[in-house]
Amino acid sequence: MPHTYVSDLVHCVFSTTELRKLVRPETQSDLWSFIGGIARKNGFKALIIGGTEDHVHILLSLPAVMPLAKAVQLLKGAPSRWMNETLGKGFSWQEGYGAFTVGVSQRSHAIDYIKRQAEHHRRHSFEEEFVAFLKKHAIDYDPKYVWG
């Protein structure tokens, strides 16, 4: 077969350092657009981006040639610099991230979930949400290392 065909959907989640509330509602749309532009510029797709003041969710569609770790590095690095240039010093993302596979049949559910982040976080903290993702995806973790 002369071509490579891949369906690699990944729901990525990462927070600001120390869960600081630095992504103000009035900045979110611009930051989400900037992140989407980074994905396009680097040959992959951010199908939807959303979040709150202290974290972001991104549904990625990655081509075969883009390793997940490299995609996340790109999505965190340039936007962090942009936030510092735009809003002043002191912005950074946490060191790690969560990445959870999404089947094509769950794509619309993942998109709806990311769209409703503000609503979701009226009832659940980011910490609760992230641990729930780890449990749902059967990822072993030590609670003392999840938050640094």
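This passage describes helix packing, nonpolar cores, selected buried residues and backbone outliers in a predicted model.

Helix H1 (residues 25–41) and helix H2 (residues 68–87) pack with their axes 9 Å apart and at an angle of about 140 degrees. The two helices are therefore oblique to each other, and their crossing is right-handed. On the H1 side, the contact is made by Thr27, Asp30, Leu31, Phe34, Ile35, Ile38 and Ala39. On the H2 side, the contributing residues are Leu74, Leu75, Ala78, Pro79, Trp82, Met83 and Leu87. Sorted by class, this contact comprises twelve nonpolar residues, one polar residue and one charged residue.

Proline 79, one of the H2 residues in this contact, was examined individually. Its relative accessible area is 0% and proline 79 is therefore classed as buried, the cut-off being under 20%. Apart from neighbours within four places in sequence, proline 79 is in contact with Leu31, Phe34, Ile35, Ile38, Leu74 and Trp93. Of these partners, Leu31, Phe34, Ile35 and Ile38 belong to the H1 side of the helix contact. Tryptophan 93 lies 14 residues from proline 79 along the chain, and the C-alpha atoms of the two residues are separated by 9.3 Å.

The largest nonpolar core contains 24 residues. Within this core, the residues with the most contacts are Leu31, Phe44, Ile58, Leu60 and Leu75. At least two core residues are supplied by each of strand S1 (9–15), H1, strand S3 (55–61) and H2. The greatest contribution comes from H2, which provides six residues. For leucine 60, the contacts beyond four places in sequence are Asp8, Leu9, Val10, Cys12, Phe44, Lys45, Ala46, Leu68, Ala71 and Leu75. A second core, separate from the first, has 16 residues, among them Leu9, Leu19, Phe100 and Phe133.

Two buried strand residues were considered next. Valine 13 is located in strand S1. With a relative accessibility of 1%, valine 13 counts as buried. Residues up to four places away in sequence being excluded, valine 13 touches His55, Val56, His57, Tyr97, Gly98, Phe100, Phe126 and Phe130. Between valine 13 and phenylalanine 130, which are 117 residues apart along the chain, the C-alpha separation is 8.1 Å. Valine 56 lies in strand S3 and, at 0% relative accessibility, is likewise counted as buried. Its contacts, with the same sequence neighbours left out (up to four places away), are Cys12, Val13, Phe14, Trp32, Ile49, Gly50, Gly51 and Trp93. Valine 56 and glutamine 28 are 28 residues apart in sequence, with a C-alpha to C-alpha distance of 9.5 Å.

Helix H5 (126–136) has as its buried residues Phe126, Glu129, Phe130, Val131, Phe133 and Leu134. Two of these, Phe126 and Phe130, are among the residues touched by valine 13, while Phe133 is included in the second nonpolar core. The elements against which the buried residues of H5 pack are S1, S3, strand S4 (98–102), helix H3 (107–115), helix H4 (117–120) and H6.

The backbone geometry was also inspected for unusual phi values. Most residues other than glycine have a negative phi. Leucine 19, although not a glycine, has a positive phi of about 55 degrees. This residue lies in the loop between S1 and H1, and leucine 19 is also included in the second core. Alanine 138 likewise has a positive phi, near 55 degrees, in a residue other than glycine. Its position is just after H5, in the loop that runs between H5 and helix H6 (143–146). Alanine 138 has a relative accessible area of 67% and is therefore classed as exposed, the cut-off being over 50%.

How values were computed. Residues are numbered from 1 along each chain as its sequence is written. This is a predicted model: local features need pLDDT of at least 70, side-chain atom pairs count only at pLDDT 80 or more; totals for chains, interfaces and linings use all residues. Side-chain values use heavy atoms; hydrogens and water are left out. Axes are lines fitted to C-alpha atoms, for helices over the stretch in contact, and angles run from 0 to 180 degrees between N-to-C directions. Helices (H or I, at least four residues) and strands (E, at least two) are DSSP runs, numbered from the N terminus. Angles under 35 degrees count as roughly parallel, over 145 as roughly antiparallel, 65 to 115 as roughly perpendicular and the rest as oblique. A crossing is left-handed if the near helix is turned anticlockwise from the far one by less than a right angle, and right-handed if clockwise. Contact means heavy atoms within 4.5 Å. Ala, Val, Leu, Ile, Met, Phe, Trp, Tyr, Cys and Pro count as nonpolar, Asp, Glu, Lys and Arg as charged, and the others, Gly among them, as polar. A nonpolar core is a set of buried Ala, Val, Leu, Ile, Met, Phe, Trp, Tyr and Cys residues joined through side-chain atoms within 4.5 Å. Buried means under 20% relative accessible area, exposed over 50%, partly exposed in between (1.4 Å probe, protein chains only).
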